[in-house]
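Please read the following note with the structure open beside you. The points can be checked one at a time.

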Amino acid sequence: MIEIQNMSKRYGNVNAVRDLSFTLEKGEILGFLGPNGAGKSTTMNIITGFMPPTSGTIKVCGYDVMEDPIEVKKRIGYLPEQPPLYTDMTVKDYLNYVCDLKHVKRSLRKNQLDDVMDLVKIGDVRGRLIKNLSKGYKQRVGLAQALVGSPEVLILDEPTVGLDPKQIIEIRNLIKALGRNHSIILSSHILPEVSAVCERVVIINKGRISAVDTPENLSKSMDSNDRYNVSIAGPENSIKDILKGLHGVINVESESTKDSDISSFLIESTRDADIRKPMFFELAKAGYPIMELKAMDKSLEDVFLEITKNDVVLKNEAVNLEKAAHEEVIENPVEDKEVE
Ligand SMILES: Nc1ncnc2c1ncn2[C@@H]1O[C@H](COP(=O)(O)OP(=O)(O)OP(=O)(O)O)[C@@H](O)[C@H]1O
């Protein structure tokens, strides 16, 4: 749906984005992460045709952003961080206006607006002035404008920023549901949200790609050992000895609980030796029941911090893509006038 090859963007002598290559597949929700100033907004503004790249090619549904900007815009719904709302209009008038802008045929308009308002659940406020809506509802109106015209690709920049926890869950579920019929790029600083919603994640740092993979693979690739947190009933020291004797165990730390015979153990073991089954049988043989067992994968947050702090570049799809990328570079003759 989107193919970016060797995209770079310079503002004067600031290299905001350097040699970026990645793809968005059909029906995929792709997380787009990076610390402040990494180049996320720049990338999204280029994909949506809001500004040109300095070099590189960007194709949306096969159309080149520079050569066929209108065809590209027809296929993209964009929700910028600040939703582009006219707050003195009612929801219905505003969405009708968006239909005008997107050339939605008059014969299709009523059905499409009803469907979109249904989907984002704003039918009950259609007659209200946008300025009188809560932040959550304004965000939904922003999503609605992105959905008008039935674009195949949605680009959502921080769609849950500033919402309360209930609204966040609602918008998150909505994005998941939209993922069934759209391909989505989701930029967010809320990493548990990205883990929950996205199938794949692109992490950029200082304008370059640091990692492209599933959240699960990213967690695994940062850690060569397994870690478990286990609660076991029985004498702490005897249990510790049993755990230390299991094949593959590197380290065991324990903590006893007051007023209970249950202790918790943090176990580190080599990845090739899955200790869960032998641990179960050995502890059962000794008569020490396992009360709780949790695998301690690195969270996306840990991975993100490690990658962006140490400038780590993971071997991944991005590297292969870079190799495969053809040499053609579009030099952009337009002088950019943006100031920060
Ligand atoms: N119009 C501009 N003129 C000059 N430099 C700019 C301009 N826009 C962005 N930059 C610089 O380019 C780099 C990337 O900025 P960009 O806004 O794309 O990052 P970002 O990842 O979206 O950050 P944030 O999460 O803070 O929105 C930053 O160093 C920024 O200062």
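The numbered points below take up the two sheets and then the cores.

1. This is a predicted model, in which local features need pLDDT of at least 70 and side-chain atom pairs count only at pLDDT 80 or more, while totals for chains, interfaces and linings use all residues. Residues are numbered from 1 along each chain as its sequence is written.

2. Six strands (DSSP runs of E, at least two residues, numbered from the N terminus) form an open sheet with mixed pairing, in the order β6-β7-β8-β3-β9-β10. Two strands pair if DSSP finds at least two bridges between them, and the edge strands, β6 (76-79) and β10 (208-213), each pair on one side only.

3. Within this sheet, β3 (residues 29-33) and β8 (residues 183-187) are parallel and share four bridges, with Gly-31 standing opposite Leu-186 in β8.

4. A second open sheet has four strands, ordered β12-β13-β11-β14, and its pairing is antiparallel. Seven bridges join β12 to β13 (residues 262-270), and Glu-253 stands opposite Leu-266 in β13.

5. The largest nonpolar core (buried Ala, Val, Leu, Ile, Met, Phe, Trp, Tyr and Cys residues joined through C-beta atoms within 7 Å; buried means that 20 or more other C-beta atoms, placed from the backbone, lie within 10 Å of a residue's own) has 65 residues, and among those with the most contacts inside it are Leu-30, Ala-144 and Leu-186. A second, separate core of eleven residues includes Ile-232, Phe-265, Met-279 and Leu-283.

How values were computed
Buried ≥ 20, exposed ≤ 12 C-beta atoms within 10 Å, placed from the backbone.
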